[in-house]
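Subject: Structure for you to look at

Hi,

Here is the structure I promised to pass on. Have a look at it first, then read my notes underneath.

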Amino acid sequence: MLVVIAYPIYYTIELSFFKTPPNLQMKDKIFVGLDNYAAILSSASFRRVTVNTLIWTVCSTGFSFLLGLAAALALHREFAGRGLLRAVLLIPYVVSAVAASYVWKWLYHSDFGVIGALLVQLGLADKPINFLDNTTTVLPSLIVVNIWKEFSFAMVMLMAGLQTVPDQLLRAARVDGANTWQSFWHVTFPHLKGVSMVTVLLLMVANFNSFIIPWIMTGGGPAGASDIWITDIYNIAFGRQRYGVASAYAVILFIVMMVLGYFYVKALTRGDEARAE
């Protein structure tokens, strides 16, 4: 723990106060105080990337949760082939993110992609759409891939939560004349609040740190249109060799992760605190 977690955190925080030379000789680094933080927070690119990160995180988290909730509710009922459908819907979650990124990159390909060709055949487009090389469509296209990859996780979590809903309460609601929506909102959903909060927080943490899909599919391009915090940090550190600035950037991301982690722990321990009272 000290070697692989504590020391890297300490060294990153220390490096964030220094300007590192292009020759990568760390002994020649120059103390600059909070200049790296000021440079990051005052840059126009940081504001643009922050907007991208918020759009990426909020949309990916929200739609993954909603799609996972819909799938969990559908699979909670008994019907023929339910086990097979569960297995099929778990495929996106268990497939390697690297493999999924390359497959989707080909699906989106402007010349040979299946999606573009299908849109043309259905008459929805005059020519194949350039999904990944267009600054307008690239971020929504990546969000679609991320939702496809993550909704299975939300589905599994919420299916587990649905097992805690007492059947007698649902039967009592039906006897009282409640329709499907009223039964869900007043009986089912209150029992899902805890697992829903945990699921949303876990998805948010994963999306803030999501690197593989945007990096493999676009590398943050075109023109930084799909850059998010984690890819921008990588570019600054290993593309421009500005390790001090990248470390300051990483510390900012670390603080955000710690805040989300605090709420995650609070969500996990809320039930214990209630029982203790």
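Below is what I found, starting with the whole chain and then going to a few residues.

One thing to keep in mind throughout: this is a predicted model.

**The whole chain**

The protein chain has 277 residues, and 38% of them count as buried. You'll find 12 helices and 2 strands in it. If you walk along the sequence, you meet one helix, then the two strands, and after that nothing but helices, in the pattern α-β-β-α-α-α-α-α-α-α-α-α-α-α. A box of roughly 75 × 60 × 30 Å, taken along the principal axes, holds the C-alpha atoms.

How much of the contact pattern links residues 24 or more positions apart? Counting contacts with a separation of 6 or more, such pairs make up 66%.

As for the outside, the accessible surface is about 15800 Å², and carbon and sulfur atoms account for 68% of that. On charge, there are 19 positive and 15 negative side chains, with the centres of the two sets 0 Å apart.

**The cores**

The largest nonpolar core has 39 residues, and the ones that touch the most other members are M217, W229 and Y249. Seven elements are worth colouring here, as each gives two or more residues to this core: α2 (35–42), α3 (44–75), α7 (138–162), α9 (180–208), α10 (212–217), α11 (229–239) and α12 (243–276). The top contributor is α12, with 11 residues.

If you click on M217, look beyond its neighbours within four places in sequence: the contacts are S101, W104, K105, Y108, L132, L142 and V145.

There is also a second, separate core, made of 16 residues, with L69, A72, M159 and L192 among them.

**Two spots in helix α3**

Helix α3 holds two residues I'd like you to see, T61 and G68.

T61 first: is it buried or exposed? T61 counts as buried because its relative accessibility is 6%, which is under the 20% cut-off. The T61 side chain has polar company, too. One of its polar atoms sits 2.7 Å from the backbone oxygen of T57, and there is a polar contact with the side chain of N207 at 2.8 Å. Leaving out residues up to four places away in sequence, T61 touches V200, L203, M204 and N207.

G68 is buried as well, since its relative accessibility is 0%. Which residues does G68 contact, leaving aside its neighbours within four places in sequence? They are F151, A154, M155 and L158. For a sense of distance, G68 and S247 are 35 Å apart in space, C-alpha to C-alpha, and 179 residues apart in sequence.

**One spot in a loop**

Finally, go to V95, in the loop between α4 (82–94) and α5 (97–107). V95 is partly exposed because its relative accessible area is 27%, and that falls between the 20% and 50% cut-offs. Not counting residues up to four places away in sequence, V95 touches A100 and K149. V95 and K149 are 54 residues apart in sequence, yet their C-alpha atoms are 8.2 Å apart in space.

That's it from me. Happy to go through any of this with you.

Cheers

Conventions:
Residues numbered from 1 in each chain as written. Predicted model: local features only at pLDDT ≥ 70, side-chain atom pairs only at ≥ 80, totals over all residues. Heavy atoms only, no water. Helix = DSSP H or I, 4+ residues; strand = E, 2+ residues; numbered from the N terminus. Buried < 20%, exposed > 50% of the residue type's maximum accessible area, 1.4 Å probe, protein only. Contact = heavy atoms within 4.5 Å. Areas by Shrake-Rupley, 256 points an atom, 1.4 Å probe, with all protein chains shown as cover. Lys, Arg positive; Asp, Glu negative; His and termini not counted. Charge placed at Lys NZ, Arg CZ, Asp CG, Glu CD. Core = buried A, V, L, I, M, F, W, Y, C linked by side-chain atoms within 4.5 Å. Polar contact = N/O pair within 3.5 Å; in protein donor to acceptor, adjacent residues only side chain to side chain.
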